[in-house]
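Student: Could you take me closely through one part of this model, the strands and the salt bridges around them? Please keep it plain.

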Amino acid sequence: MKSTSFVLLGLFAGFSADASVGVPIDLPRVNGSPKIDGVLDDEIWSQALKVELTFETTPGENTPAKVETWAYIVEDGENIYVAFDARDPRPGEIRAYLRDRDTAWNDDIVGINFDTYNDNQRAFEFWANPLGVQMDSTFDDAVHDKDGDESWDAIWDSAGRINEQGYVVEMKIPLDQLRFPDIDDEHTWGYRVMRHYPRQFETWLENIPTDRNLNCQICQNAKLKGFEGSKPGRDFEIVPTITASRYQTTDEPGVIPLSDGTTDTEAGITVRYGITPDITANLAINPDFSQIEADAAQLDINQRFALFFPEKRPFFLEGADYFTTPMQAIFTRTVASPDVGLKLTGKRNNHTFGMYSARDSFTNLLFPGATESDGESYDDESDVFVGRYSFGFGDTGSSIGALV
């Protein structure tokens, strides 16, 4: 038996007040690259754009920063290099631990975000703690308050080192990890540099003031101008998989030998292809997700609502932020074991779109409610389709979109 369901049709819109973003600053281009080792001894940093984090935006409201922080930014046409010199009068109080990726938010951290389309809609964020532990995410003002979508992971380098004056962090961010317009002229990007300084209070320092009367953060970013001739990457990735399992049984372990069992072999393939720098297609045929880390254990005793597990499967993570809405209407974990799936995500000018379709071996239903939720699972196949479109307009991140 096969069942087909359409889940939801809705409209989402966000509006922001006017904001002044200032004049774009020229970003220097250099030849060569620094050694990413947490030490500011490379000549390249003397040529970089130097940015001071002079504002305390939380808990103070654009008050002078209590500690000194400088960021150095430069590019070579293929990579962005960012260094942070974070001073601290009491280095012994610096919080820094070797952690898993995307888990150091309570440490001392420094970071930068880039609005690569300069449309005040979405930004890529890169963070590191004083030991170089990486965190990266995408941020959308219409969906997120302060925290971004950590499911996005880029491939980049970072290193950090604590010293007598505080700590230093260096980053190397390949441009092919980002999406941005494919043009030959100079690019203009929004950017914001940040530092988390956790002491008596959770203090945030930034390079620009934040107007709390505006309901957008990206629209208040400062501007960079550069990257002339730089081209976004067009990924082509093929991941074939083969999984074999063999089952043997015995009625009396240790006495009766294991009986001959059956061997089950399955093959699959996952493909990711950048049709253009702005549009990416994904195909998964009998994908194998056994390499994905296990979910953290949760107790379902005395729980009125269904447990939430974050998405970690590559097919569903690609362009996941394109499907995020202020009201969480999509939970991809209900697609349990897809036999085949196709996804298309992209952005052209002010148009952002994404769709995916899959044939699932099971049918999982989730029924949310105000006081509790319920769910059912069936061994019947189901066809899944999700489509999202968003149109951005204005200078402050306003958008309107539809979800099917």
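Tutor: What follows goes from one sheet to the salt bridges around it, and then to a second set of strands. Keep in mind throughout that the model is predicted.

Start with the open sheet of 5 strands, whose order is β4-β7-β8-β13-β12. The pairing in this sheet is antiparallel. Strands of a sheet pair through backbone hydrogen bonds, and the pairing can be parallel or antiparallel. At the edges stand β4 (49–52) and β12 (157–163); each has a single partner strand, so one side of each is left without a neighbour in the sheet. From one strand to the next, the twist averages 15°.

Now look at one pair inside that order. Strand β8, residues 79–87, and strand β13, residues 166–174, pair in the antiparallel sense over 9 bridges. To find one of these on screen, pick V82; its bridge partner in β13 is M171.

Next, follow the chain from β8 into the loop between β8 and β9 (109–115), where D88 lies. D88 forms a salt bridge with R199, and their closest N and O atoms are 2.5 Å apart. R199 lies in the loop between β14 (187–198) and β15 (202–206), so the pair ties together parts that are 111 residues apart in sequence. Are these two residues buried or exposed? Both D88 and R199 are buried. The pair also belongs to a network of salt bridges that links D88, R90, E93, D108 and R199.

Two further salt bridges are worth finding. One joins D107 to R99, with 2.7 Å between the closest N and O atoms. Buried means under 20% relative accessible area, and partly exposed means from there up to 50%. D107 has a relative accessible area of 0%, so D107 is buried. R99 has 34% relative accessibility, so R99 counts as partly exposed.

The other joins the side chains of D153 and R101, at 3.3 Å from N to O. D153 lies in the loop between β11 (134–140) and β12, while R101 lies in the loop between β8 and β9, so this pair ties together parts that are 52 residues apart in sequence. D153 is partly exposed because its relative accessible area is 42%. R101 is also partly exposed, with a relative accessible area of 34%. By the rule used here, the count of salt bridges comes to 24.

Now move along the chain to another set of strands. Strand β19 (residues 279–285) and strand β20 (residues 338–348) run antiparallel and are joined by 7 bridges. β20 is also joined to strand β21 (residues 351–360), by 10 bridges, and these two run antiparallel as well. K343 is a useful residue for seeing both pairings: N282 stands opposite K343 in β20, and K343 stands opposite Y356 in β21. β20 and β21 form a hairpin with 2 residues between them. In the turn, N349 has a positive phi of about 55°.

Finish at S382, which lies in strand β24 (residues 381–393). S382 counts as buried because its relative accessibility is 8%. A polar atom of the S382 side chain lies 2.8 Å from the backbone oxygen of F362.

Conventions
Residues are numbered from 1 along each chain as its sequence is written. This is a predicted model: local features need pLDDT of at least 70, side-chain atom pairs count only at pLDDT 80 or more; totals for chains, interfaces and linings use all residues. Side-chain values use heavy atoms; hydrogens and water are left out. Two strands pair if DSSP finds at least two bridges between them. Helices (H or I, at least four residues) and strands (E, at least two) are DSSP runs, numbered from the N terminus. Axes are lines fitted to C-alpha atoms, for helices over the stretch in contact, and angles run from 0 to 180 degrees between N-to-C directions. A salt bridge is a side-chain nitrogen of Lys or Arg within 4 Å of a carboxyl oxygen of Asp or Glu. Buried means under 20% relative accessible area, exposed over 50%, partly exposed in between (1.4 Å probe, protein chains only). A polar contact is a pair of N or O atoms within 3.5 Å; within protein, one must be able to donate a hydrogen and the other to accept it, and residues adjacent in sequence count only if both atoms are side-chain atoms.
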